[in-house]
Amino acid sequence: MPSDIKQLTAGRQLTGLRQVLDCTATATALRQGLGAPGEPPAWLALLCPAHRDALPGWPGTTADTEGLRLDCGSVLDYRPAEQLLQSHADLWLTPLTGVTPKTYAGVWPKVLDRADRVLRARLGEDAAEGGDETLQSIAMMLEMASRNAANGDLYQATVPLAYCETLAQRL
């Protein structure tokens, strides 16, 4: 299995950059998410020694690699927008809001709109207690993602969702 980051990324279109762990250690291991048969990995997760075996929701093969200068938990994603959105739903959006893509037949503008409404209602209930700044930040980014999806740009919707994912780790 190649572990040379340059070889794995050469000539490929990056569709998402995510930070799935709150760790600033330098990554020394590379976990590769399986792509289609004969295709390069769908994603590359960069991990430090302490988190080498972390991320059970990200199945893939792991190898040591040298010369990385990204923080642990950085993920270079090459999947199509719908797969990126499903990954966000599986890992943090559905657990946070209870909204499942299946309920809306995978129509992402509807999924993100409903998740945005659920989170805003939750914030409205929390407002009497002063609210949670992290949730407020997630809500702001989720609203942006919802608008981008409603405008037909699913890739652009994944950008604020990646930020939400990083914030959701703090909850």
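How many helices and how many strands are there in the protein? The protein has five helices and five strands. Keep in mind, as you turn the structure around, that this is a predicted model.

**Overall layout**

Starting at the N terminus, the order of elements is α-β-β-β-β-β-α-α-α-α. The radius of gyration of the protein is 17 Å, close to the 16 Å that the globule rule gives for 171 residues, so the chain is as compact as a globular protein of that length. Along the principal axes, the C-alpha atoms fill a box of roughly 50 × 30 × 20 Å.

If you look at contacts between residues at least 6 apart in sequence, 66% of them join residues at least 24 apart. Of the 171 residues, 44% are buried.

**Surface and charge**

The accessible surface of the protein comes to about 9,000 Å², and carbon and sulfur atoms account for 50% of that surface. As for charges, the protein has 15 positive and 20 negative ones, and their mean positions are 4 Å apart.

**The nonpolar cores**

In soluble globular proteins, nonpolar side chains tend to be buried together. Here the largest nonpolar core has 26 residues, and Trp92, Leu112, Ile138, Leu142 and Leu161 are those with the most contacts inside it. Four helices each supply at least two residues of this core:

| Helix | Residue range | Residues supplied to the core |
|---|---|---|
| Helix H2 | residues 81-97 | at least two residues |
| Helix H3 | residues 108-126 | at least two residues |
| Helix H4 | residues 133-150 | at least two residues |
| Helix H5 | residues 154-168 | at least two residues |

The largest share of this core comes from H4, with seven residues.

Leucine 112 is a handy place to start exploring. Setting aside its neighbours within four places in sequence, leucine 112 is in contact with Leu85, Leu93, Leu142, Ala145, Ser146, Ala149, Ala157 and Leu161. Apart from the largest core lies another core, of 12 residues, including Leu21, Ala42, Ala45 and Cys72.

**A closer look at glutamine 136**

Is glutamine 136 buried, partly exposed or exposed? Glutamine 136 lies in helix H4. Its relative accessibility is 39%, so glutamine 136 counts as partly exposed, since that class sits between the cut-offs of 20% for buried and 50% for exposed. You can also use glutamine 136 to relate sequence to space: glutamine 136 and aspartate 90 are 46 residues apart in sequence, and their C-alpha atoms are 21 Å apart.

Conventions
Residues are numbered from 1 along each chain as its sequence is written. This is a predicted model: local features need pLDDT of at least 70, side-chain atom pairs count only at pLDDT 80 or more; totals for chains, interfaces and linings use all residues. Side-chain values use heavy atoms; hydrogens and water are left out. The radius of gyration is taken over C-alpha atoms; the globule rule is 2.2 Å times the number of residues to the power 0.38. Buried means under 20% relative accessible area, exposed over 50%, partly exposed in between (1.4 Å probe, protein chains only). Contact means heavy atoms within 4.5 Å. Accessible areas come from the Shrake-Rupley method with a 1.4 Å probe; for residues, only the protein chains shown count as cover. Lys and Arg count as positive and Asp and Glu as negative; His and the chain ends are not counted. The place of a charge is taken as NZ of Lys, CZ of Arg, CG of Asp or CD of Glu. A nonpolar core is a set of buried Ala, Val, Leu, Ile, Met, Phe, Trp, Tyr and Cys residues joined through side-chain atoms within 4.5 Å.
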